[in-house]
Amino acid sequence: MRTVLVTGPGGAGRSTLAAATALAGARRGARVLLLTTGSSAPEAVLHTRLSAESATPVAPGLHARRIDSGDRFRQEFLAFQDRAGAALDLLGAAPLDADELTELPGSEAFALLHALRTEHASDAWDLLVVDMPPADETIRLLALPAQVRRYLRRLLPPERQAARALRPVLAQLAGVPMPAQKLYEAAERWEGELAAVQRVIDDPGTCVRLVTDAGPVAAAGLRPVRAGLALHGRRTDAVLVNRLLPTGSADPFLAALSGSQQAALKALREECPDVAVHEVAHLGRDPQGVEDLDRLTAGGEPLDEVDPAHHDADAATASRDPWTVVDRLATDGILLWRVPLPGARREGLGLVRRGDEIVVTVGAFRRIRTLPSALRRCTVSGAGLRDGVLDIRFAPDPGLWPKSP
């Protein structure tokens, strides 16, 4: 199963091209599901009212479903309230009813991740296309499972849960009560659910597709997005440049606008030499309905697969950790940890080591990673960014490095 996550700057037409991508896949005989959030844009594009309970048929081979984050939040909160009923009774708390619950900020992200995992596990589809939030939100959303799992491991270490039989004795020795069993059970359940979502995100068949227009700052706008995605190991397989006007118009205004778009398109290709850049024509109106979505791919490559050979090669690469350790001990006396960061600039780049972890900051995005075992016995001796790759240099610590025989 392939999963295509479609995102981009707001207003670039990502909902339209997510729908067009899904339809293109269905036209080639795949069983396709388009997942959308609560926005009304996908329904307007498809000319179909979508349900949150089940997938709605849109065209042969194509179904679509709307994610109801409010309903998902109510279900999760009521389930938590039931599990914590005994503790709430002891506190004298009055339980909340379903009709008085309103969703909290951030619940949409968890609802989308839950839907992504559920549909991926259903084995009902060949292609899953997700109309994601704007790019900055998407980067943080895709990083969420790994971040929350790290918090859980720090706050509720699994090894302490394994020692629950000794908890009464340890409590007496420590003089403080040990964490309740239900807390560890909840953490174990969350860990399992988050790990399942992360497996979907990290799957070689999952990629991110960026949608942009051909404006004068399009290339600069995609630069931090690509860097943020790469920081978290997310694979960008294509850039879809939307609403391109035909060239050679006799109208001076349209000719000038088209020329500006072509200049922006050239800049985008130079900015993204490692990614397929696909052109999507302007229809002269906002696309509405299946026929208009078909016209977006007329005479061009299907949006569901810009380049199959390119996709297969990228999928094979995606199955490996893109952060690689290069051994240069024999020549330079160092180890290199190479971090691909296409689009990153030195300004806004930060690097801090904290014990056995390293914190890498790229603009507004941050990632914390545990050092490989060999690097834990080294000190950071420097770093450099060149051609979209951050090289972190590690020198062996004489006090920790194994002695030569």
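Two strands count as paired when DSSP finds at least two bridges between them. With that idea in hand, let's walk through this structure, which is a predicted model.

A good place to begin is strand 5, which covers residues 127–131. Its neighbour strand 2 (residues 32–36) lies parallel to strand 5, and 4 bridges link the two. If you look for leucine 33, you will find leucine 128 of strand 5 opposite. Strand 5 also has a parallel partner in strand 1 (residues 2–7), with 5 bridges between them. Here valine 4 is matched with valine 129 of strand 5.

Now look at how covered this strand is: 5 of the 5 residues in strand 5 are buried. Leu127, Val129 and Asp131 point one way, while Leu128 and Val130 point the other way, and all are buried.

Stay in this neighbourhood for a moment and find glutamate 119, which sits in helix 5 (residues 107–122). Is glutamate 119 buried or exposed? Buried means under 20% relative accessible area. Glutamate 119 has a relative accessible area of 11%, so it is buried. Setting aside residues up to four places away in sequence, glutamate 119 touches Met1, Leu33, Leu35, Arg65, Trp125 and Leu128. You have already met two of these contacts, Leu33 and Leu128, as the residues that stand opposite each other where strand 2 meets strand 5.

Next comes the largest nonpolar core, which has 58 residues. The residues with the most contacts inside it are Val130, Val239, Val241, Trp337 and Phe394. Which helix gives the most to this core? That is helix 10 (residues 218–231), with 7 residues. A second, separate core has 30 residues, including Ala12, Leu17, Val32 and Leu293.

Helix 10 deserves a closer look. Because 10 of its 14 residues are buried, helix 10 is largely enclosed by the rest of the structure. Among those buried residues are Ala218, Leu222, Val225 and Arg226. The length of helix 10 can be checked too: at 1.5 Å a residue, its 14 residues should span 20 Å, and the end C-alpha atoms are 20 Å apart, which agrees. Just after helix 10, glycine 233 takes a positive phi of about 75°.

Valine 241, one of the core residues named above, has its own set of contacts. Not counting residues up to four places away in sequence, valine 241 touches Thr212, Asp213, Ala214, Leu265, Leu268, Val277, His278, Glu279 and Val280. Ala214 is also in contact with glutamine 261, as are Arg243, Leu244 and Leu245, again leaving aside neighbours within four places in sequence. Glutamine 261 lies in helix 11 (residues 252–271). With 10% relative accessibility, glutamine 261 counts as buried.

Our last stop is strand 10 (residues 334–340), where 5 of the 7 residues are buried. Strand 10 pairs with strand 9 (residues 324–328) in the antiparallel sense over 5 bridges, and valine 326 stands opposite leucine 336 of strand 10. Strand 10 also pairs with strand 15 (residues 389–396), again antiparallel, over 6 bridges. In this pairing, tryptophan 337 faces isoleucine 392 of strand 15. That brings us back to the largest nonpolar core, since Trp337 is among the residues with the most contacts inside it.

Methods
Residues numbered from 1 in each chain as written. Predicted model: local features only at pLDDT ≥ 70, side-chain atom pairs only at ≥ 80, totals over all residues. Heavy atoms only, no water. Core = buried A, V, L, I, M, F, W, Y, C linked by side-chain atoms within 4.5 Å. Buried < 20%, exposed > 50% of the residue type's maximum accessible area, 1.4 Å probe, protein only. Helix = DSSP H or I, 4+ residues; strand = E, 2+ residues; numbered from the N terminus. Contact = heavy atoms within 4.5 Å. Expected span 1.5 Å × (residues − 1).
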